[in-house]
Each structure stands twice: as structure tokens, then as C-alpha cells.
Amino acid sequence: MADSTLPIDASLDLTPPREREGRLLETLHSWVITIDHKKLGLMYMMMAIFFLLVGGAEVICIRIQLALPNNHFLSPQVFNRFFTMHGTTMVFLVGIPLVFAFTNYVVPLQIGARDMAFPRLNAFSFWMTFFGGMLLYYSFIGGGGLYGMGNAPDVTWWAYAPLTARAFSPGHATDYWALALIVTGIGTLGGAINTVATVICMRCKGMTLMNMPLLSWLMLVDSGLLLVVITPLTAAQVMLVIDRYLGGHFFDTQAGGSALIWMHFFWIFGHPEVYVLVFPAFAIASEVIPVFSRKAIFGYPAMVAASVGIAFVSLGVWAHHMFTVGMTSAGNAFFVLSTMLVGIPTGIKIFNWLATMWGGKIRFQIPMLFCTAFLFQFLCAGLTGIMLSVAPWNWQLHNSYFVIAHFHYILVGAIVFNTFAGIYYWFPKATGRMMNETLGKWHFWLFFIGFHMTFDIMHYVGFLGMPRWIYTYQADRGWNHLNLFISIGGIVQAIAVLIFAYNLIWSLLRGKIAGNDPWDAWTLEWSTSSPPPDYNFATEPVVYSRRPLWDLKHPEDPDWKYE
Amino acid sequence: MLRQWFRRTHRIALVSAMVAFWVGIAWAEGPQSTPSIYAPASTPAGEIQKLSYFVLEITGAIFFVVAGLLTYVVIRFRARGTDDASEPAQIYGSNQIEIAWTVIPVLIVVVLFLTTARMIFAIQDAPKPKSALSVTVVGHQFWWEYRYPDLGIVAANELHVPLSSTQDEKPTFLKLLSADVDHSFWVPQLAGKIDLIPNHPNELWIDPMHPGLYVGQCAQFCGVQHANMLLRVYVDTPDQFAAWVKNQQQPGLQDASVAAGRRIFETQACMNCHAVRGTAATGRFGPDLTHLMSRDTIASGQVPLTKENLRQWIKSPDSFKPGSLMPAMQLNDGQLDQLTAYLETLK
Amino acid sequence: MSAIPVVPSGHVEEWHLPSRGRIGMYCLIIGESAIFTIFVVAYIFYIGKSLYGPTPQQVLEVPIINSIALLSSSVTIWLAERNLEHKKMKPFAFWWAITIFLGAYFLVGTGLEWHKLIYKDGLTISTNLFGTTFYSLVGLHATHVVVGLSMLLLVLIFTLTGQVREEHAHRIEVLALYWHFVDAIWIVVFTVVYIVGR
């Protein structure tokens with residue numbers, strides 16, 4: 001690893017040496033009251049990793065139950081709660097926090113700012129998200145006793161009406177779902193406002209929008225998208241609460257209300273939401289692939305345009321989740337077209353990443369291993385997405401295990417893989433230590449193998465007619481061995497994730513000292529010390545191109561000559 | 001040397017794998033216990049299969065090109081120990097390339113979209129021929145109600161439809177309603193699925209071309225026993241269908257030897273939920289039992305209909321289907337025996 | 001000293017970025033517009049679909065005076081802002097107080113309208129689809145008025161205790177943006193509920 005030394009004094013830490021903070025309470029207190037973007041970013045990350053493990057535990061139980069037909073490991077009530085909580089946890093308590101983890105930690109450093117635009121709003125947003133998660137998980141013990149898992153939501157993470165009406169969901173399970181997510185939604189809205197204001201208003205001198213690192217661009221677009229889509233979910237959940245507690249009729253089919261309108265509102269949020277979740281993966285790929293290929297990103301303006309394009313088009317595809325509800329043929333056809341169109345800018349991004357690697361000198365360290373797997377898996381997921389956009393074929397595949405395979409290819413194959421890439425990449429910056437390379441390789445290969453064991457086969461069992469959300473299945477349907485194989489793959493992935501957790505802790509305590517710039521990278525965050533001082537930069541940086549550190553390291557051939 | 005191995009052996013292996021895959025899920029003739037979408041026995045399912053092959057060819061081609069490029073890049077441009085420390089040539093972009101790999105996907109999308117749209121209209125807006133049979137499907141938590149308005153039949157959980165052929169077209173047009181929450185009717189060998197949504201009637205048509213039993217299940221989460229809301233569609237030859245219809249149209253058989261059981265049925269609140277045509281029992285909340293014994297299964301396809309299972313079901317529905325909406329009626333053994341005997345006469 | 005060794009020639013730069021407060025408020029307004037859009041869509045979708053109970057034509061009276069009051073409060077708040085920019089504290093406080101009065105007048109008017117609807121016409125949120133969508137949409141708007149008024153009141157208190165000065169004009173302007181948003185939403189709600197829906 002080349003560690004560059006730069007003639008820039010931004011890395012000088014001018015804070016006077018502190019007395020050793022021996023007291024645990026003082027340290028914890030400083031984290032609890034912090035408004036510093038770096039600490040809050042790490043707290044979002046810790047929250048995401050924690051809930052990743054919890055959601056993972058839920059799905060391991062699910063896979064044990066499904067490994068054999070007519071199994072009795074979980075009762076139907078518990079199974080239904082577990083898959084509802086698994087989905088809700090992964091989307092709202094892992095996916096969204098990951099967006100804000102990377103945004104908070106990296107964006108101010110990349111744009112040469114001292115902090116986010118609204119540091120106190122930042123802290124408020126984190127704690128609202130966290131408390132929302134606590135409220136959601138309190139449902140397990142809130143009433144009904146532990147066996148049967150209390151009142152945890154059991155209506156799938158979509159919470160379709162009228163299953164969520166008081167008549168069909170007595171008790172408080174649905175209320176925990178709605179209220180906890182309203183709380184996290186407030187935190188998400190605050191985070192999105194903060195990100196947009198930060199990127200627009202806090203860039204250092206010379207960093208025009210077209211000079212900004214792609215991660216910051218993608219987080220800007222991501223938060224802009226969030227602004228428009230998170231509140232529709234809040235609106236729908238408020239309507240649900242009004243129905244359940246004030247006798248409202250928004251989704252009351254007996255009073256002339258419509259079950260479909262819940263679906264429209266939910267998916268107007270739900271589809272753009274999955275783009276919100278995948279943008280950090282795009283962002284990380286756009287940072288890691290150039291550095292490890294030793295080349296500038298190919299087609300920066302096209303990448304920006306594609307990202308903005310994806311965000312806009314994603315607002316118009318939602319009813320491809322509703323091809324089977326009985327829309328008109330014209331309605332179905334429209335959403336087929338819009339869905340296929342959103343595949344175009346997405347494909348353009350893949351091509352640009354490939355072109356970045358082309359002609360490079362690729363170093364396959366751990367971040368790049370994960371990013372390469374991401375490229376392969378994201379390609380596959382995009383193609384199965386095209387398959388699902390073909391409405392008549394969707395009439396067969398909808399709500400089958402094929403769909404589960406498709407979206408886990410994105411959520412795990414793209415998002416989780418690149419989250420790992422991002423963690424291995426920025427862990428040295430945040431902690432000053434490198435992560436263990438050997439443990440990293442074990443982590444990568446086990447996770448890759450387990451992932452493909454589970455999710456490749458899952459496509460096939462969907463072709464064989466296995467639907468979602470079933471706690472058991474008939475033994476004569478031909479799904480037995482496939483499910484067992486899928487479950488074993490899940491165990492392999494779990495082992496890999498445990499190795500990763502161990503690596504995190506080991507590296508914190510014994511990792512090699514990293515220095516400012518262990519990867520020989522080119523964006524501003526690598527000009528600070530590792531970890532950066534509280535104030536980030538001693539003097540405000542001035543930049544002239546997209547890769548300020550490349551310009552410094554290659555004064556004979558700076559980027560601004562070519563851009 | 002590696003390259004040589006790669007070329008020959010891998011090619012053979014690849015082709016064999018593909019053949020095995022497609023044969024494995026190839027078009028089977030007739031019904032099977034695995035509800036595969038690739039064993040169509042009816043026009044909608046068959047058309048979808050053909051469309052899917054077309055799409056797979058296109059996506060397969062894209063996959064091989066892009067994954068091939070990725071593989072090539074990973075091997076060819078790997079940093080090697082012998083490399084010097086210089087950076088490779090920095091290429092910032094190319095407008096021509098960007099246009100090229102925008103235009104080509106657009107063309108692919110146009111082709112895919114037009115093909116897809118044509119099939120959407122063909123299947124969804126297919127006109128209903130005069131020879132079609134009309135069936136109304138009502139989804140309940142966790143069973144299926146079938147009404148044949150033109151034939152005066154009300155049945156449950158096992159759908160009988162006539163065989164259709166090119167010489168004698170007799171498709172079945174389903175109208176789908178829901179009595180409570182959202183459900184979804186999915187029998188993969190016959191058609192794509194369609195949802196049953198309260199206050200929003202939907203339609204589906206099938207024209208099954210091979211007789212036999214086709215299976216499926218509810219595909220939209222509807223509550224605790226969603227997993228056991230199974231579908232059984234019996235495609236009958238013309239004779240079989242006529243016989244079934246004739247039997248279903250009869251009112252419930254009155255057999256004096258099971259009068260005790262019938263009295264239990266009528267006094268123990270069974271008739272609040274269940275109907276037996278020709279008697280005082282007219283309940284609509286649970287399945288119609290007029291011809292219970294004409295079915296192969298109970299609990300919406302979950303267990304075979306045998307005397308023991310029937311008795312156990314009445315004694316404790318939760319023992320088969322925990323969370324089922326049928327309550328245990330707290331009957332003693334004698335009552336259970338009499339009641340079961342009565343029900344066994346409802347052929 | 002910035003240690004950048006090589007600088008492109010002729011590189012003169014004025015570096016002006018928008019204000020955080022304004023951008024942040026615009027973002028909040030976008031998010032809130034999305035939530036209102038959903039309630040408006042629900043309202044429009046359910047027009048004429050109630051199976052029973054009072055209809056809009058039967059019970060709704062167009063709240064002209066109320067609306068004039070609320071919309072003129074946008075004018076008065078603008079006047080207040082202008083005065084603050086020119087350091088005229090007393091006129092600022094005056095027009096600010098008028099704005100609050102007009103907003104409170106609107107709320108009282110809404111309360112009276114609801115009182116009549118509930119007790120005289122028997123329309124509650126649980127009566128029918130019209131009741132549910134009406135009270136939700138108008139109530140959501142009224143909630144935003146309440147929040148806005150609380151903020152305006154806070155500023156008035158700070159003004160009367162002499163803590164607001166001309167240098168706070170920008171922050172006041174950001175708050176006023178929120179108030180303008182609340183008024184603009186009322187135009188939409190008014191049109192949908194009292195004109196289109198009747």
C-alpha cells in the first residue's frame with residue numbers, strides 16, 4: 001500500500017493533547033451528546049451492523065424452519081412475526097442508517113467542510129432513528145408474553161390493507177409497525193434535509209458540483225429522493241393509525257374505501273426506497289473502483305446524469321409491484337415501459353465502472369474483491385429485474401421465491417457486499433488502523449459462496465411455484481432439497497458475517513497503523529490524519545479538479561488540464 | 001495450458017449444464033405435483049413461457065457479454081508484481097462510447113416493451129367466448145369458495161373445470177372476489193396469478209388442455225394460515241365434468257340413520273357458518289358442505305379427507321391449522337362420532 | 001498558507017454558496033409537500049365515493065373570510081420582514097403581531113366550522129369517506145398552522161424582550177418561508193375541498 005505524504009498542512013492536528021480519557025462514563029457521555037458528523041456517522045454504522053446481526057438471526061430461524069417441509073421449529077405466528085421484522089429491520093434499521101452512516105462520515109470530509117450543515121439536527125435525526133428501532137423491537141415483549149413473540153408486527157413489511165385493519169389485526173402488532181416507522185421517518189427526513197443543505201452549501205472553495213466526488217453526488221441525489229418519498233409512507237401510516245384508532249375509512253373496503261390505495265401509497269414510497277438503499281452501493285463502487293484500478297472514473301458527467309436520471313425515473317415505476325392486482329392493460333403496459341427505462345441509466349453505470357477498470361492496474365485488496373463481486377451480482381440482479389418487468393411473466397413470478405432471490409441479489413449482493421467494501425476502505429480513516437487482510441479474505445470468500453448457494457438456487461425454487469410468506473410447504477411439491485440447500489447457504493453467510501464482526505474488533509485493537517492515505521487515493525478525506533481531528537481541516541482546502549490529491553501527487557500531469 | 005482446458009472442457013460442461021437445466025424444467029405434458037411455471041397446460045401459462053424464453057435469450061446475451069467483459073477485465077488488467085510503480089493512462093471518458101451504450105439498451109427496451117405489451121393485451125383483454133364457463137371465486141381466510149352462477153352450484157376448496165381443446169373450446173373465465181383481506185389465485189401450470197381484493201373484482205381465464213389435478217396456493221399474505229390456503233384445480237373430461245355438475249346440483253342427501261349427527265350439526269352452531277343445501281343450514285362464513293365427501297381433501301387441501309382426519313379436524317382445527325378461523329366446538333367423543341357419521345353421508 | 005504547489009492560470013473565483021437555512025427550509029417544504037400530496041390524492045380519489053352520510057354539498061360552507069385572513073397574513077409577514085431589514089423594529093413587531101392575529105383568526109374560524117360540522121351536521125372523522133378525508137386533510141393543514149404560529153409567537157416574545165435585531169433578518173426570512181408555504185398549501189386545500197369537491 002502506497003502511503004503518500006503530502007505537502008499540505010490540512011493533516012496537522014492542532015488540538016492540544018488531551019489527558020487520557022480513562023473514564024468509560026466520560027467517553028460514553030461524549031458519544032451520547034455528540035453533534036460531530038464523524039461520531040454520528042459511526043453511530044449510524046454501529047446501529048446498522050447491530051440490526052444487521054439481529055435481522056440475520058431472524059432469517060436464520062426462518063431458514064431453519066424452512067429447511068424441511070412441515071417443520072415445527074417455529075409456530076406460524078412466530079414465523080410470520082419473524083419475516084415481518086426481518087424485512088422491516090433490514091430496510092429501515094439497516095438500509096437507511098447505512099445511507100446516513102456513509103453520508104455523515106465521508107461527505108463533509110470529501111467536500112472540505114468542518115461538519116454537516118445542521119449538526120444538532122444531525123444528532124436529533126440519529127436518535128429519532130435509533131428510538132424508532134427500539135420502539136419496533138419493544139413490540140416483542142410488549143404484551144402477549146414472550147412465547148408467540150408478543151406483539152411484534154406480523155403483516156409483512158408491506159402491511160397491506162385491509163389485513164392491517166382492526167378487524168383482521170386486533171392487538172397492537174400493526175400499531176408498533178406504524179408508530180415505530182413514523183418515528184424513524186422523522187429521523188430520515190431530518191437526515192435528508194441535512195445532507196442536501198450540506199452538499200449544496202458547505203463545499204470548499206473550487207469544488208463546483210461537477211468537481212465533487214461521486215459519493216457526495218450520489219448522497220445528494222439520494223437525500224433529494226428521500227425528501228420526496230419518505231413522507232408518503234408517513235402519510236399512509238398516519239392514515240392507517242386514523243383508521244385503526246379514530247374510526248377512519250381510508251382503507252375500509254366495507255365503507256367504500258380502497259385496499260388498492262394503500263398499495264399505491266406504499267409503493268410510491270417503496271420503489272424509490274430501494275433506489276435510496278442502493279445508492280450508497282453505487283457511491284462506494286464509484287470511489288473504490290477508480291482507486292483500486294488506478295484510474296479516474298470513466299465518464300464522470302455520464303455517471304452524474306445517470307444517477308439523477310435513475311432518481312427521477314424511479315418515481316414513475318411503482319406499480320410494477322402491482323401487476324397482479326387487476327390494473328387495466330394500458331396501466332400495466334405503462335409500468336412495463338417505465339421499469340424497463342430505468343434499467344438504462346443503471347446499465348450505463350455498470351458499463352462506466354467496467355470501463356474504469358479497463359486498462360487499469362487492478363489491486364484486488366479486500367475492498368476491490370467486494371466491489372468486483374458487486375459488479376457481477378448487480379448485473380445479474382438488473383437482468384432478473386428486466387425479467388420481472390415483463391408483466392405477463394411477472395404474473396407468474398410475483399410473490400414467488402424468484403422475487404425474493406431478485407431483491408436479495410440487490411440488498412445483499414449489491415448493498416451488503418459494497419457496504420463491506422466501504423467499511424474495509426474507510427475503517428483505516430476512521431480508526432487509524434487497517435483491517436486484517438487474512439480475516440477479510442475468509443470473510444469475503446465464505447460470504448460469496450454462501451450468498452450464491454442461497455440466492456442462485458432460490459430463483460429456481462421460484463420457477464417451481466413456491467410463494468413467499470409461507471411458514472411451511474407440502475412435502476410433495478419438489479421444493480424439499482432446494483430449501484435445505486438454501487438454508488445451508490444461509491448458515492455459511494452467517495459464519496462469514498461473524499468472521500467480519502470479529503475482524504472489526506480485532507482490527508480496532510491490533511490492526512496495523514494506517515497513516516493518512518493507506519490506499520493512495522485522491523479525494524480530500526485522505527488528506528487528513530487517520531482518524532481526522534475534530535475540526536477536519538486546519539485550513540479550508542481549495543481544489544481545482546475532481547481529484548485534488550492526484551493533482552498534488554502528479555504536479556506534472558494534474559487533472560484540471562484535462563477536465 | 002489453462003486456456004486450452006478452458007476452451008474445450010468448459011464448453012462441453014457449459015452446454016451439458018444448459019441442456020440439463022432446460023430439460024429439467026421442460027414442458028411436461030399434463031399435471032404434476034410440482035407447480036412449475038415451466039410445465040404449462042393452458043394457453044396463458046404457455047404464452048408466458050414462450051415470452052419468457054424470448055426474454056431469457058436477450059438477457060442471457062447481455063449477461064454473457066457483460067459478465068464476459070468483467071471476467072476479461074479482472075484477468076487481463078490485474079496488477080502484477082512485475083509492474084512498475086507508474087500509474088496507467090488516465091482516460092476520463094468518451095462521448096461516442098456513452099452514446100453507443102445508451103442507444104443499444106434503448107433499442108433493446110423498445111423490442112422488449114413491444115413484445116410484452118402485445119402479450120398483455122392478448123391475455124388480459126381476451127374476449128370471452130360463448131362456450132366459456134363462468135366461475136366466481138371468493139377468497140376467505142383461509143379457504144376458497146367457488147360459485148357456478150349458471151349451474152346453480154356452490155362448492156369449496158376444490159375447483160372443477162372442463163377440459164378445453166382446439167376442437168372444442170371450453171375455457172373457464174374466473175371472476176375473483178374477496179370476503180375479507182387480499183388473497184391471490186396462483187396455479188402456475190394454468191395461468192399467471194391474479195389477486196382477490198375486497199371491493200375490487202378481478203378476472204382470469206384458463207383453457208386447460210390436459211385432464212388431471214393441478215395444484216397451487218394463495219400467493220398474497222392473508223394472515224396466520226396463508227401457507228395452508230392451497231389450491232386444487234381438477235380438469236375434468238366432458239363426461240367427468242357433467243357427472244360432477246349433476247352431483248353438485250343435488251341438494252344434500254337425507255339419510256335417516258345419521259339423524260343424531262344431523263341434529264348435532266344443526267344445534268351446535270355448525271350451521272351458523274356452514275351450509276348444506278336442502279336443510280336449515282345456510283351459513284356462508286365457512287365452506288359449503290353439501291357435497292363434502294365428493295372432495296379429496298379438507299382444510300383447503302391441507303390433509304386428505306379420511307374419517308380420522310375429518311373427526312380430528314372437527315375436534316381441533318388447530319391441530320392441523322393453528323390459527324384457522326374454525327373454532328373447536330368442544331364436543332365429546334360420542335358427539336364427534338355421530339357428527340362425523342352424518343358428514344360422511346354428504347356425498 | 002495553502003500548500004497547493006500548482007495552480008491553473010487565470011483562476012479567479014468568487015465562491016458563493018446558497019445559505020444553509022434557506023436550502024434547509026426548501027427541503028423541509030419539499031418533504032411536507034409530499035405528505036400533503038398524498039392526503040390530497042386520497043381526498044380527490046374518494047370524492048363522491050361515500051356510501052352514506054353527509055356530503056360536501058350538504059354541509060360545507062366556503063370559508064371566504066377565513067381564507068382571506070390567512071392569505072393576507074402572507075402579506076403582513078412580508079411587510080414585517082421588510083421593516084426588519086430596514087431596522088424599523090416597532091413596525092416589524094406590529095406587522096408580526098398582525099400576522100399572528102390573522103393566523104389565530106383562521107384557526108378559530110376552522111374550529112367554529114368543525115364545531116358546526118360535528119354537532120349540527122353529524123359529520124365526524126369516522127362518519128364516512130368524506131369525513132375521514134376532510135378532517136385528515138384540513139386537520140393536517142391546521143396542525144402546520146399551529147406549529148407555524150408557535151414559532152411566530154416565539155419570535156414575537158423575543159422581539160418584545162428586545163432580543164431580535166436587524167442581523168436576525170435572514171433567520172426571520174427562513175421562518176417566513178415556512179409561513180408562506182402554509183398559506184400556499186391552504187390555496188391547494190381550499191381549491192380541492194371547497195371548489196372541486198363540492
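Start by selecting E167(C) and R165(C) in this predicted model, where the two side chains form a salt bridge with their closest N and O atoms 3.1 Å apart. Colour the pair by accessibility and you will find that E167(C) is exposed, with a relative accessible area of 52%, while R165(C) is partly exposed at 42%.

Next, move to chain B and select R232(B) and E158(B), whose side chains meet in a salt bridge at 3.7 Å from N to O. R232(B) belongs to strand β10 (residues 230-236) and E158(B) to strand β4 (residues 158-162) of chain B, so the pair ties together parts that are 74 residues apart in sequence. Are these two residues buried or exposed? Both R232(B) and E158(B) are buried.

Staying in chain B, select E266(B) and R262(B), which are joined by a salt bridge of 2.9 Å, N to O. Because they stand four residues apart in helix α5 (residues 259-267) of chain B, about one helical turn separates them. E266(B) counts as partly exposed at 25% relative accessibility, and R262(B) likewise counts as partly exposed, at 26%. Over all chains, the count of salt bridges comes to 19.

Now show chains A and B together, since of the two pairs of chains that touch, this one has the most contacts. The contact takes 100 residues from chain A and 89 residues from chain B, and the area buried between the two chains is about 7,800 Å², of which carbon and sulfur atoms give 69%. Two salt bridges are counted between chain B and chain A; to see one of them, select R294(A) and E87(B), whose closest N and O atoms are 2.6 Å apart. If you then add D517(A), D520(A) and K553(A) to the selection, you have a network of salt bridges that links these residues with R294(A) and E87(B). There are also 34 residue pairs in polar contact across the interface of chain B and chain A, both residues being at pLDDT 80 or more. On the chain B side, the elements that give two or more residues include α1 (2-24), α2 (43-76) and α3 (95-124), and the largest share, 16 residues, comes from α2(B). The residues of that side divide into 52 nonpolar, 27 polar and ten charged.

Turn next to chains A and C, where 44 residues of chain A are in contact with 39 residues of chain C. The area buried here is about 3,600 Å², with carbon and sulfur atoms giving 77% of it. Select H249(A), F250(A) and Y544(A), which lose the most area to chain C on the chain A side, together 16% of what that side buries. Zero salt bridges are found across this interface of chain A and chain C, although eight residue pairs are in polar contact, both residues at pLDDT 80 or more. With chains B and C displayed, you will see that no contact joins them, their closest C-alpha atoms lying 12 Å apart.

Finally, look inside, at the largest nonpolar core, which has 325 residues, and select W262(A), W353(A), W393(A), F185(B), W96(C) and F134(C), the residues with the most contacts within it. Helix α7 (residues 259-293) of chain A gives the largest share of this core, 23 residues. Around W353(A), and leaving aside its neighbours within four places in sequence, the contacts include F282(A), I289(A), M303(A) and F374(A). A second, separate core of 22 residues can be reached by selecting L289(B), L292(B), I314(B) and L336(B), which are among its members.

Key:
Residues numbered from 1 in each chain as written. Chains lettered and ligands numbered in written order. Predicted model: local features only at pLDDT ≥ 70, side-chain atom pairs only at ≥ 80, totals over all residues. Heavy atoms only, no water. Core = buried A, V, L, I, M, F, W, Y, C linked by side-chain atoms within 4.5 Å. Buried < 20%, exposed > 50% of the residue type's maximum accessible area, 1.4 Å probe, protein only. Contact = heavy atoms within 4.5 Å. Buried area = accessible area lost by both parts, 1.4 Å probe. Salt bridge = Lys/Arg side-chain N within 4 Å of Asp/Glu carboxyl O. Polar contact = N/O pair within 3.5 Å; in protein donor to acceptor, adjacent residues only side chain to side chain. Nonpolar A, V, L, I, M, F, W, Y, C, P; charged D, E, K, R; others polar.
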